[in-house]
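The following exercises concern strand pairing, aromatic pairs and charged side chains. Each task is followed by a solution in steps.

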Amino acid sequence: MQKTDFLIIGSGIAGLALALELSQIGEVVILTKKDISAGSTGLAQGGIAGVRDTSKDTFEQHFEDTIKAGSNHNDKKAVQFLVKNAPSALKKLEKYGVKFDFSLHKEGGHSLPRISHVADETGRAVQEILTEQVKKNKKIKIIENAFTTDLLVKNKTAYGVSWFDGEKSNNFYAQKIILSTGGCGQIYKKTTNPSVATGDGIAMAIRAGAKTKDLEFVQFHPTAFDYPRDPLFLLSEALRGDGAYLVNEKEERFTDELAPRDKVARAIFRQKKAFLDFRHEKREELAKKFPNIFENLLTAGYDLSKNLVPITPAGHFMCGGVLVDTNGETSIKNLFALGEVACTGVHGANRLASNSLLEAVVFAQAIFDNLKKSPPITNFPIFEIKEFIPEKDSDKKTRKKLQEIMWEKIGLIRTEKGLKEAIKKLNHLKAKGTETKNLLTTAIQVAKSAHARKKSLGAHFIEN
């Protein structure tokens with residue numbers, strides 16, 4: 001019997017940060033679908049929000065900005081917990097070796113500059129540092145290319161998972177199981193999420209009977225580079241925070257560039273063509289402040305200091321997810337969720353920029369503090385292995401149809417008629433492979449959640 005103390009599914013900032021904490025009190029195994037760096041964390045450009053200078057900023061202001069962005073749908077207790085623990089979370093990352101730049105960025109929805117960053121590659125810097133720390137920790141074992149198929153649950157208690165090692169399916173048992181599987185951006189035709197973001201954690205939780213919440217609130221990033229690439233390349237909010245304009249084909253500014261993401265994304269979506277305009281800034285300044293973005297655009301033939309850069313909104317972040325309390329515990333005993341897969345209530349109806357990486361580190365600490373005093377399981381029931389089914393040729397067609405339905409009917413602008421049509425069409429789709437089944441399960445649940453909310457709120461916008 002394969003068994004460990006703590007079994008973490010996923011290897012982004014959430015899973016890695018929690019693994020380092022839990023290694024203090026037991027053995028940890030991380031199962032990750034591809035290689036350790038394949039998730040969304042490494043793609044995060046902007047940074048991590050948090051009050052660092054109390055002479056200029058306050059917890060109250062970070063709280064208010066988060067609530068305002070979330071259309072007052074947030075869990076206020078969770079938001080207070082987040083903002084008050086932000087400084088210690090940032091210090092912890094610095095202790096691990098993350099070297100934030102001296103300056104603080106300002107991004108959409110923030111009233112003040114409070115974004116700690118590492119140039120325009122914060123996510124990659126954090127991912128690399130945490131990976132390095134995890135790999136040298138003898139209490140943590142990483143298993144890559146491990147596809148977790150299903151949760152092993154009996155009497156509303158989780159005991160482990162079935163997983164596929166590339167050759168055969170196995171069962172892995174644990175005292176506690178933590179879902180940190182990331183998001184589900186691949187349900188959309190246009191997304192900034194990597195190919196692994198297929199909603200596996202949400203789908204597994206649904207099959208196991210766990211409660212989900214707020215799945216209708218999918219955040220669309222306003223400014224993805226509108227250029228053939230999968231996933232779409234992100235043009236960080238920090239660009240607009242630093243003075244970039246949004247213009248239409250007539251080169252007219254058409255919206256407040258620093259409004260919350262849902263409003264900016266819809267404003268761009270309504271334009272025939274939209275562009276990011278930073279031609280008023282010096283080339284050397286842009287290359288220095290945004291080296292990754294600058295070089296990626298140059299490779300595609302766009303000079304940020306000379307050219308209008310075509311943009312499009314794209315599926316970016318799931319604000320809802322598997323429902324958890326402030327200790328990260330789901331409605332199933334011994335099962336926890338952390339990061340984008342979880343619904344802590346922090347983000348409400350629309351996430352405030354740069355609160356996502358922060359949420360992962362803050363709530364990793366909360367889960368650890370809770371599990372330090374958790375009694376062990378002594379008797380494990382034996383479960384049948386739930387087999388992994390490889391992707392079939394027909395699944396490619398199913399995915400394409402699914403992504404088009406979601407983009408057209410359950411995207412930035414929704415209608416009552418479109419939501420009904422989407423649910424009907426999604427229910428007629430057939431999936432054979434495990435991953436496409438997860439994608440379809442998640443998409444259907446997002447569609448049902450959207451249909452259940454009759455009035456517009458935040459990222460969920462209903463047009464009559």
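Buried means under 20% relative accessible area, exposed means over 50%, and partly exposed lies in between. The model examined here is predicted.

**Exercise 1. Determine which helices the salt bridge between Arg 261 and Glu 237 connects, and classify both residues as buried or exposed.**

Step 1. The closest N and O atoms of Arg 261 and Glu 237 are 2.4 Å apart, and the two residues form a salt bridge.

Step 2. Arg 261 belongs to helix α7 (residues 261–269) and Glu 237 to helix α6 (residues 237–241), so the pair ties together parts that are 24 residues apart in sequence.

Step 3. Arg 261 has a relative accessible area of 6% and is therefore buried. For Glu 237 the value is 1%, so this residue is buried as well.

**Exercise 2. Repeat the analysis for the salt bridge between Glu 251 and Arg 279.**

Step 1. The N to O distance between the side chains of Glu 251 and Arg 279 is 3.0 Å.

Step 2. Glu 251 is in the loop between β11 (245–248) and α7, whereas Arg 279 is in the loop between β12 (274–277) and α8 (283–289); the two are 28 residues apart, and the pair links distant parts of the chain.

Step 3. Glu 251, at 46% relative accessible area, is partly exposed, and Arg 279, at 33%, is also partly exposed.

Step 4. In the whole structure a search finds 27 salt bridges. A network of salt bridges links Lys 33, Asp 200, Glu 391, Arg 399 and Glu 435.

**Exercise 3. Describe the geometry of the aromatic pairs Phe 147 with Phe 388 and Phe 220 with Trp 407.**

Step 1. The search of the whole structure gives 14 aromatic pairs. In one of them, Phe 147 and Phe 388 are 5.0 Å apart centre to centre with 50 degrees between the planes, a tilted arrangement.

Step 2. Phe 147 lies in strand β6 (residues 147–154) and Phe 388 in the loop between α10 (356–371) and α11 (393–409), so this pair ties together parts 241 residues apart in sequence. Phe 147 is buried at 8% relative accessible area, and Phe 388 is buried at 18%.

Step 3. The ring centres of Phe 220 and Trp 407 are 6.0 Å apart and the planes stand at 70 degrees; because planes over 60 degrees apart count as edge-to-face, this pair is edge-to-face.

Step 4. Phe 220 is part of strand β10 (residues 218–225) and Trp 407 part of helix α11, so the pair ties together parts 187 residues apart in sequence. Phe 220 counts as buried at 5% relative accessibility, and Trp 407 counts as buried at 10%.

**Exercise 4. Which strands stand at the edges of the sheet β9-β14-β16?**

Step 1. The sheet is open, consists of 3 strands in the order β9-β14-β16, and has mixed pairing.

Step 2. β9 (212–213) and β16 (342–343) each have a single partner strand and stand at the edges, so one side of each is left without a neighbour in the sheet.

Step 3. β9 and β14 (residues 321–323) run antiparallel and are joined by 2 bridges. Lys 213 is opposite Gly 321 in β14.

**Exercise 5. Characterise the surroundings of Glu 21.**

Step 1. Glu 21 is located in helix α1 (residues 13–22) and counts as buried at 4% relative accessibility.

Step 2. Leaving aside residues up to four places away in sequence, Glu 21 touches Lys 92, Tyr 96, Gln 365 and Phe 368.

Step 3. The side chains of Glu 21 and Lys 92 are joined by a polar contact of 2.5 Å.

Notes. Residues numbered from 1 in each chain as written. Predicted model: local features only at pLDDT ≥ 70, side-chain atom pairs only at ≥ 80, totals over all residues. Heavy atoms only, no water. Pairing = 2+ DSSP bridges. Helix = DSSP H or I, 4+ residues; strand = E, 2+ residues; numbered from the N terminus. Phe/Tyr/Trp six-rings, centres within 6.5 Å; stacked < 30°, edge-to-face > 60°. Buried < 20%, exposed > 50% of the residue type's maximum accessible area, 1.4 Å probe, protein only. Polar contact = N/O pair within 3.5 Å; in protein donor to acceptor, adjacent residues only side chain to side chain. Contact = heavy atoms within 4.5 Å. Salt bridge = Lys/Arg side-chain N within 4 Å of Asp/Glu carboxyl O.
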